[in-house]
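My notebook is open and the structure is loaded. I'll jot things down in the order I look them up, starting with strand pairing.

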Amino acid sequence: MALLTHIVFFFFTFLTSTLLSSSSPVPDPELVVEEVHKSIINATRARRNLGYLSCGTGNPIDDCWRCDPNWEKNRQRLADCAIGFGKNAIGGRDGRIYVVTDSSDNDVVNPKPGTLRYGVIQDEPLWIIFARDMVIKLKEELIMNSFKTLDGRGASVHIAGGPCITVQFVTNIIIHGLNIHDCKPGGNAMVRDSPHHFGWRTISDGDGVSIFGGSHVWVDHCSLSNCQDGLIDAIHGSTAITLSNNYMTHHDKVMLLGHSDSYTQDKNMQVTIAFNHFGEGLVQRMPR
């Protein structure tokens, strides 16, 4: 167990069942596994062939966008860089860029324009970036709407000290480059989840990222630690997920894939876990 907590590189493709129904996002999962392996081999060969002239790392996700010196002018290209079961998560690729300029979260029913909460609840696709370094202490769960990207590149962005991110019954979500830590339960409150709806939320678990009935979700290059429950939990029929390049430390229940053996909808869950760092101070569920 001590050895597991210090793994620098970990690659694992998770299938909860080899018998997948036709409604599953990927009817032939073995093809996805082969595709992931090929992408890693090709990236490694390209790096070796070019030697010191290459900006490549051998990591196909990073090499997809980091070799572009003008990546900040073409942020949405990141949406084409995922591998595995979540590779079709486009997030807000086809929408406009929304800039978070206000780190406050004072009103969770009528959030102010410029805040993170205002951006994530919109119906339209949005690629959400941050104007500067900031620490965002959420008052309640950040309930995301479909077709959203949280892109923390170019700033040091912390979601910390309050409830954190919930991906519930939505699709096409990308979460990249955020520091998510010290997450607490929220709830027993009214919270808005779209421009047209808000409702009563019961007590949440205090996860870093909670994926509940979500699909086409990619969490990449996030730092996660010290949350009340799980760092990343994917439950209740969630599928088509890639968790990659994340740095996880100082936590008990790290990652949960499927919450119960009796919940039959989880039999079709498809998750790729690649290039993550399971680091210091972790105890269990790496993953479970």
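**Entry 1: parallel strands**

I began with E14 and strand E17 (residues 239–244), which pair in the parallel sense over 5 bridges. Within that pairing I found tryptophan 218 opposite threonine 242 in E17. Note to self: this is a predicted model, so I'm reading a prediction throughout.

Next I went to the other partner of E14. Strand E9 (residues 171–176) runs parallel to strand E14 (residues 215–220), and 5 bridges join them. Here isoleucine 174 stands opposite tryptophan 218 in E14. So I have tryptophan 218 facing isoleucine 174 in one pairing and threonine 242 in the other. A reminder I keep for reading strands: in a regular strand the side chains alternate between the two faces of the sheet.

**Entry 2: the whole chain**

I stepped back for the totals. I get 3 helices and 22 strands. The protein has 288 residues, and 57% of them count as buried. I also checked contacts with a separation of 6 or more: residues 24 or more positions apart account for 64% of them.

**Entry 3: isoleucine 211**

I picked one residue to follow in detail. Isoleucine 211 sits in strand E13. Is isoleucine 211 buried or exposed? It counts as buried, because its relative accessibility is 0%, and the cut-off for buried is under 20%.

Then I listed what isoleucine 211 touches, leaving aside neighbours within four places in sequence: Val167, Val217, Ile232, Asp233, Ala234, Ile235, Ser238 and Ile241. I followed up on one of these. Isoleucine 211 and isoleucine 241 lie 30 residues apart in sequence, and their C-alpha atoms are 9.4 Å apart in space.

**Entry 4: the largest pocket**

Next I looked for empty space. The largest pocket holds about 340 Å³. I counted 19 lining residues, with Glu141, Arg201, Ser204, Asp205 and Ser210 the closest to its centre.

Which strands supply at least two residues each of the lining? I noted strand E8 (165–168), strand E12 (197–201), strand E13 (209–212) and strand E16 (232–235). E8 gives the largest share, 3 residues. As for chemistry, the lining divides into 7 nonpolar, 6 polar and 6 charged residues.

**Entry 5: salt bridges**

How many salt bridges does the structure hold? My tally is 10. General point before I go through some of them: side chains of opposite charge can pair when their charged atoms come close.

Arginine 117 and aspartate 105 meet through their side chains at 2.7 Å, N to O. This pair links distant parts of the chain, 12 residues apart: arginine 117 is in helix H3 (residues 116–120), while aspartate 105 is in the loop between strand E2 (96–100) and H3. Both arginine 117 and aspartate 105 are buried.

Arginine 93 and aspartate 94 form another salt bridge, at 3.0 Å, N to O. Aspartate 94 is exposed because its relative accessible area is 57%, and the cut-off is over 50%. Arginine 93, with 30%, is partly exposed.

Arginine 66 and aspartate 62 are also bridged, with 3.9 Å from N to O. I had to check that one against the cut-off, and it counts because the definition asks for a nitrogen within 4 Å of a carboxyl oxygen. Arginine 66 comes out partly exposed at 47% relative accessibility, whereas aspartate 62 counts as buried at 6%.

Last in this entry, I noted a network of salt bridges that links Arg75, Asp151 and Arg153.

**Entry 6: positive phi**

I finished with backbone angles. Asparagine 172 has phi near 60°, a positive value in a residue other than glycine. Asparagine 172 is in strand E9, which takes me back to the strand joined to E14 by 5 bridges. At 9% relative accessibility, asparagine 172 counts as buried.

Histidine 250 is another non-glycine residue with positive phi, near 50°. Where is histidine 250 found? I located it in the loop between strand E18 (247–249) and strand E19 (251–253). Histidine 250 counts as partly exposed, because its relative accessibility is 42%.

How values were computed:
Residues numbered from 1 in each chain as written. Predicted model: local features only at pLDDT ≥ 70, side-chain atom pairs only at ≥ 80, totals over all residues. Heavy atoms only, no water. 1 Å grid on protein atoms, 1.4 Å probe; cavity = no way out; pocket = protein on both sides within 12 Å on 5 of 7 lines; lining within 4 Å. Points joined across faces, edges and corners; volume = space filled by probe spheres on them. Helix = DSSP H or I, 4+ residues; strand = E, 2+ residues; numbered from the N terminus. Nonpolar A, V, L, I, M, F, W, Y, C, P; charged D, E, K, R; others polar. Buried < 20%, exposed > 50% of the residue type's maximum accessible area, 1.4 Å probe, protein only. Pairing = 2+ DSSP bridges. Contact = heavy atoms within 4.5 Å.
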